[in-house]
Amino acid sequence: MFDNLRINEIFAEKNVPAIIIYLYLSGPKTRTEIYDNVSTNVRMSIKIDMLIDEKIIKTLPGRTPRRPQLTLTEMGMQFGYMLCAMERMAGGDPSESKWRGMKKTLEDFGYVEMPREERLPLSHNSVYP
């Protein structure tokens with residue numbers, strides 16, 4: 001009865017909601033950034049191409065012609081908003097994933113978190129040596 005729903009075709013692939021939420025929370029990204037932060041599954045390029053074909057994401061010029069960026073279309077933004085709302089309704093926090101991704105990126109660049117007692121105070125009234 002509901003086999004022919006378009007939404008079934010779009011969301012049948014694993015990680016499609018994660019790709020949309022990632023772009024919704026993070027803005028335009030390259031394919032490599034999507035692979036690094038969502039999944040390195042060998043089918044990721046097929047999933048991204050499908051989202052482009054469905055007009056959920058589109059390609060933007062990047063820093064170089066060989067590294068275009070992907071961003072959500074207006075429809076993709078609406079999907080992103082709804083997916084984040086559904087995640088919150090289910091008890092999750094989509095922004096937590098964004099911060100985990102940022103932390104992973106910092107770790108990839110060699111950032112090491114200092115123990116709390118070694119951090120400088122954050123107060124604007126603090127006196128620094």
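Helices (H or I, at least four residues) and strands (E, at least two) are DSSP runs, numbered from the N terminus. The model is predicted: local features need pLDDT of at least 70, side-chain atom pairs count only at pLDDT 80 or more, and totals for chains, interfaces and linings use all residues. Residues are numbered from 1 along each chain as its sequence is written, and side-chain values use heavy atoms, with hydrogens and water left out.

**Exercise 1. Describe the chain as a whole.**

Step 1. Take the secondary structure. The chain has six helices and three strands. Read from the N terminus, the order is α-α-β-α-α-β-β-α-α.

Step 2. Take the surface. Accessible areas come from the Shrake-Rupley method with a 1.4 Å probe; for residues, only the protein chains shown count as cover. The accessible surface of the chain is about 9600 Å². Carbon and sulfur atoms hold 58% of that surface.

Step 3. Take burial. Buried means under 20% relative accessible area, exposed over 50%, and partly exposed in between (1.4 Å probe, protein chains only). Of the 129 residues in the chain, 25% are buried.

Step 4. Take the contacts. Contact means heavy atoms within 4.5 Å. Consider contacts between residues at least 6 apart in sequence: 48% of them join residues at least 24 apart.

**Exercise 2. Place Q69 and decide: buried or exposed?**

Step 1. Find the element. Q69 belongs to strand β3, residues 69–72.

Step 2. Check the area. Q69 counts as buried because its relative accessibility is 19%.

Step 3. List the partners, not counting residues up to four places away in sequence. Q69 touches P28, K29, T30, K58, T59, L60, P61 and G62.

**Exercise 3. Work out how α2 packs on α5.**

Step 1. Recall the descriptors. Two packed helices are described by the angle between their axes and the distance between the axes. Here axes are lines fitted to C-alpha atoms, for helices over the stretch in contact, and angles run from 0 to 180 degrees between N-to-C directions.

Step 2. Apply them. The axes of helix α2 (residues 16–26) and helix α5 (residues 74–89) come within 9 Å and cross at roughly 100°. Therefore α2 is roughly perpendicular to α5. The classes are: under 35 degrees roughly parallel, over 145 roughly antiparallel, 65 to 115 roughly perpendicular, and the rest oblique.

Step 3. Name the contact residues. From α2 come P17, I20, I21, Y24 and L25. From α5 come G76, M77, F79, G80, Y81, L83 and C84.

Step 4. Add burial and the helix end. The buried residues of α2 are V16, I19, I20, I21, Y22 and L23. Just after α2, G27 has a positive phi of about 80°.

**Exercise 4. Find salt bridges and say which parts they link.**

Step 1. Set the rule. Side chains of opposite charge can pair when their charged atoms come close. A salt bridge is a side-chain nitrogen of Lys or Arg within 4 Å of a carboxyl oxygen of Asp or Glu. The whole structure holds four salt bridges.

Step 2. Take R6 and E54. Their side chains meet at 2.2 Å, N to O. R6 lies in helix α1 and E54 in the loop between α4 (44–53) and β2 (57–60), so the pair ties together parts 48 residues apart in sequence. R6 is partly exposed at 42% relative accessible area; E54 is partly exposed at 22%.

Step 3. Take E13 and R43. The salt bridge between their side chains spans 2.3 Å, N to O. E13 sits in the loop between α1 and α2, and R43 in the loop between α3 (31–37) and α4, 30 residues apart.

Step 4. Take R31 and D49. Their side chains form a salt bridge at 2.6 Å, N to O. R31 is in helix α3 and D49 in helix α4, so parts 18 residues apart in sequence are tied together. R31 is partly exposed at 25%, and D49 is partly exposed at 35%.

Step 5. Look for shared partners. Salt bridges that share partners join R6, E9 and E54 into one network.

**Exercise 5. Characterise K55.**

Step 1. Locate K55. The residue is in the loop between α4 and β2. K55 counts as exposed, at 58% relative accessibility.

Step 2. Find the contacts. Apart from neighbours within four places in sequence, K55 is in contact with T73 and M75.

Step 3. Check a distance. The C-alpha atoms of K55 and E74 are separated by 9.0 Å. The two residues are 19 residues apart along the chain.
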